[in-house]
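Subject: Structure for your review

Dear colleague,

Please find below the sequence and structure that I am handing over to you. My notes on what was found follow directly after it.

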Amino acid sequence: MSKKYNPYEERRDSIRAKRIITVRHRLVKHNSRKVDSMWQLATTENMSLSGALFVSALAYHPGDIIEMQVVMSGVLDIFNGFGKVIRSSRNKGGYYQIAVKYVDLKSKRRSAKSLLASHN
């Protein structure tokens, strides 16, 4: 018997934790071309060790590479690196939910791991 595809099945490789934290983000690559864009502010909806979901006033496209800085209380770096946009969808309020998979973890992974582990 073959397994049926379930679009709501968990496909993540890390458990997501609901966290509302400020994230700075900017587009650095679109259609494999470098882009120099301004930093934007948003908030995360949830995060894991491998990615994040945040709400943005800007639309990104799947495949875009963005630079992200997730900082708690302006002091603790949670994540500082790059992410690849996996999904972008517009919500009823006109904002975009952006799902990102981290593609270049700098040295901040440990801070994110300890924050997420301490709240589960």
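Tyr 96 is buried, because its relative accessible area is 17% and the cut-off for buried is under 20%. Please keep in mind throughout that this is a predicted model.

Tyr 96 belongs to strand β8. Its contacts, leaving aside residues up to four places away in sequence, include Phe 54, Val 55, Ser 56, Ala 57, Leu 58 and Ala 59. Ser 88, Ser 89 and Arg 90 are also touched by Tyr 96. Although Tyr 96 and Phe 54 are 42 residues apart along the chain, their C-alpha atoms are separated by 8.2 Å.

Phe 54 leads to the next topic, the nonpolar core. Which residues touch the most other members of the largest nonpolar core? They are Phe 54, Ile 66, Met 68 and Val 70, in a core of 18 residues. The elements that each give two or more residues to this core are β2 (22-30), β4 (40-47), β5 (51-56), β6 (65-72), β7 (76-90) and β8 (96-105). Of these, β8 provides the largest share, with 4 residues.

Val 70 may be examined in the same way. Not counting residues up to four places away in sequence, Val 70 touches Ile 21, Thr 22, Val 23 and Met 47, and also Leu 76, Asp 77, Ile 78 and Phe 79.

I would next draw your attention to strand β4 and its partners. Strands β2 and β4 run antiparallel and are joined by 4 bridges. Within this pairing, Thr 22 has Thr 43 in β4 as its bridge partner. Strands β4 and β5 also pair in the antiparallel sense, over 4 bridges, and they form a hairpin with 3 residues between them. Here Thr 43 stands opposite Val 55 in β5. Thr 43 therefore appears in both pairings, as the bridge partner of Thr 22 and opposite Val 55, under the rule that two strands pair if at least two bridges are found between them.

Is Thr 44, which lies in strand β4, buried or exposed? Thr 44 is buried, because its relative accessible area is 1%. Apart from residues up to four places away in sequence, Thr 44 touches Arg 19, Ile 20, Ile 21, Val 23, Leu 53 and Phe 54. Phe 54 is thus a contact of Thr 44 and of Tyr 96, both of which are buried.

Yours sincerely,

A colleague

Note on methods:
Residues are numbered from 1 along each chain as its sequence is written. This is a predicted model: local features need pLDDT of at least 70, side-chain atom pairs count only at pLDDT 80 or more; totals for chains, interfaces and linings use all residues. Side-chain values use heavy atoms; hydrogens and water are left out. A nonpolar core is a set of buried Ala, Val, Leu, Ile, Met, Phe, Trp, Tyr and Cys residues joined through side-chain atoms within 4.5 Å. Buried means under 20% relative accessible area, exposed over 50%, partly exposed in between (1.4 Å probe, protein chains only). Contact means heavy atoms within 4.5 Å.
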